[in-house]
Amino acid sequence: MALVDVLAAVPSGSPEAAIAQGLDFGRLPRHVAVIMDGNGRWAAERHLPRVEGHRAGIESVRETVETSARLGLCVLTLYAFSVENWKRPVTEVSALMGLLRHYLRAELKTLLRNNIQFKVIGQMDRLGREVREELDAAMARTAANTGMVFNIALSYGGRAEIVDAARQAIARGLTPDQLDEETFASFLYTAGQPDPDLLIRTSGEMRVSNFLLWQIAYAEIWVTDTFWPDFRARHLLEAVADYQKRDRRYGAVSSDTVEALK
Ligand code: IPE
Ligand code: IPE
Ligand code: MG
């Protein structure tokens with residue numbers, strides 16, 4: 001997947017085509033994680049019930065998954081439902097679960113066609129049986145795919161994930177000296193995956209809301225005021241273009257400083 005694949009999916013001469021043409025495909029983020037926020041506010045602006053915002057957000061999910069696969073990302077993680085979101089009214093939670101099932105049924109073929117491996121990260125045992133069965137089926141059907149990994153974070157909490165990992169390490173009988181950062185990360189839901197290089201949040205909120213707390217240690221953060229249902233390929237490409245202008249220092253000095261000192 002590369003520039004030609006992105007250009008095939010966007011109108012020629014469009015702003016998104018121009019952004020794609022300016023990208024350095026040798027320096028793409030390997031993993032992009034997205035906090036999909038603002039569905040409720042999108043609906044409120046239109047005097048619609050909140051669920052209509054969630055429904056409209058499905059098209060943004062579809063476009064983001066497709067564009068990410070066409071770009072050639074290794075991993076895309078979408079935050080769809082947090083452990084804290086269980087506090088929402090039952091009607092909203094069940095509407096969200098219904099939309100999830102609808103999405104899976106409609107998009108499984110596209111995931112298969114695009115060689116995408118679908119994964120759920122989060123406390124799956126808290127989800128209803130029907131949703132779980134559908135998620136399990138989608139994971140099984142796409143397990144042998146070798147293209148992009150698409151993680152959907154459902155009933156997900158970063159702190160819960162870290163506690164789960166610690167519990168597993170203890171259950172496996174690891175001694176304190178056997179536990180280092182790499183070993184610990186192998187007990188997380190994202191074991192074997194690169195950490196997110198780029199974290200996107202929509203709707204302008206400047207917080208991480210318990211998302212991938214361990215994995216985002218050095219992620220570059222990109223926040224847009226756009227509400228999730230309005231998020232399109234153009235926004236994703238803008239975020240990647242902006243990411244490519246960043247100087248990732250990991251606590252060391254900038255590459256310019258290193259050059260100047262030579
Ligand atoms: C994001 O939109 C979707 C979920 C968290 C499930 P919200 O529902 O949080 O929308 P706002 O933030 O209230 O606008
Ligand atoms: C974060 O959005 C969770 C998801 C996008 C699934 P929230 O709307 O739940 O986060 P807060 O409450 O604004 O922090
Ligand atoms: Mg929100």
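## Notebook: two ligands and a few odd residues

**Entry 1, ligand 2.** I started at aspartate 37: an N or O atom in its side chain is 3.2 Å from an oxygen atom of ligand 2. This is a predicted model, so I am reading every distance as one from a prediction. I then went looking for other polar partners of ligand 2. The side chain of asparagine 85 has an N or O atom 2.9 Å from a ligand 2 oxygen. For the side chain of arginine 88, I noted 3.3 Å from an N or O atom to an oxygen atom of ligand 2. On its own ligand 2 exposes 390 Å², and the protein buries 79% of that.

Next I wrote down who stands around ligand 2. The list runs Ile35, Met36, Asp37, Tyr79, Ala80, Phe81, Ser82, Asn85, Arg88, Arg201, Arg207 and Ser209. Which element gives the most to this shell? I found that strand 2, residues 75-82, does, with four residues. Sorting the shell by class, I got five nonpolar, three polar and four charged residues. I also checked the pockets, and the space taken by ligand 2 is the largest pocket.

**Entry 2, ligand 1.** I moved on to ligand 1 and looked up its polar partners. A polar side-chain atom of arginine 88 lies 2.7 Å from one of its oxygen atoms. So arginine 88 went into my notes for ligand 1 as well as for ligand 2. Arginine 50 also has a polar side-chain atom by ligand 1, 2.8 Å from an oxygen. With glycine 38 I had to look at the backbone: an N or O atom there lies 3.4 Å from an oxygen atom of ligand 1. The protein covers 87% of the 380 Å² of accessible area that ligand 1 has on its own.

Around ligand 1 I listed Met36, Asp37, Gly38, Asn39, Gly40, Arg41, Arg50, His54, Ala80, Asn85, Arg88 and Leu96. I ticked off names found in both lists, among them Met36, Asp37 and Asn85. Where does the largest share of the ligand 1 shell come from? Helix 3 supplies it, with three residues. Helix 3 (39-45) and helix 4 (50-71) each give at least two residues to this shell. By class, I counted three nonpolar, five polar and four charged residues here. The pocket check gave me the largest pocket for the space taken by ligand 1, just as I had noted for ligand 2.

**Entry 3, threonine 202.** I came back to aspartate 37 from another side. The side chain of threonine 202 reaches the backbone oxygen of aspartate 37 at 2.6 Å. I placed threonine 202 in the loop between strand 5 (198-201) and strand 6 (220-223). Is threonine 202 buried or exposed? Its relative accessibility is 0%, so I put it down as buried.

**Entry 4, positive phi.** I scanned the backbone angles next, because most residues other than glycine have a negative phi. Leucine 212 stood out with a phi near 45°, a positive value in a non-glycine residue. It lies in the loop between strand 5 and strand 6, where I had already put threonine 202. Leucine 212 has 0% relative accessibility and therefore counts as buried.

Histidine 47 is another one I flagged, with a positive phi near 55° in a residue other than glycine. I found histidine 47 in the loop between helix 3 and helix 4, the two helices I had met around ligand 1. Histidine 47 counts as exposed because its relative accessibility is 75%.

**Entry 5, two spot checks.** I looked up methionine 139 and found it in helix 6, residues 129-142. Its relative accessible area is 19%, which I call buried because the cut-off is under 20%. From its C-alpha to that of glutamate 107, 32 residues apart along the chain, I noted 13 Å.

Last on my list was glutamate 182, which sits in helix 8, residues 181-185. At 67% relative accessibility, glutamate 182 goes down as exposed, because the bar is over 50%. Its C-alpha is separated by 10.0 Å from that of glycine 192, ten residues apart along the chain.

Note on methods
Residues are numbered from 1 along each chain as its sequence is written. Chains are lettered from A and ligands numbered from 1 in the order in which they are written. This is a predicted model: local features need pLDDT of at least 70, side-chain atom pairs count only at pLDDT 80 or more; totals for chains, interfaces and linings use all residues. Side-chain values use heavy atoms; hydrogens and water are left out. A residue is near a molecule or strand if one of its heavy atoms lies within 4 Å of it. A polar contact is a pair of N or O atoms within 3.5 Å; within protein, one must be able to donate a hydrogen and the other to accept it, and residues adjacent in sequence count only if both atoms are side-chain atoms. Accessible areas come from the Shrake-Rupley method with a 1.4 Å probe; for residues, only the protein chains shown count as cover. On a 1 Å grid over the protein atoms alone, a cavity is a set of points where a 1.4 Å probe fits but cannot get out, and a pocket is an open set with protein on both sides within 12 Å along at least five of seven lines; lining residues have an atom within 4 Å of a point. A molecule sits in a cavity or pocket if more than half of its atoms lie within 2 Å of its grid points. Ala, Val, Leu, Ile, Met, Phe, Trp, Tyr, Cys and Pro count as nonpolar, Asp, Glu, Lys and Arg as charged, and the others, Gly among them, as polar. Buried means under 20% relative accessible area, exposed over 50%, partly exposed in between (1.4 Å probe, protein chains only).
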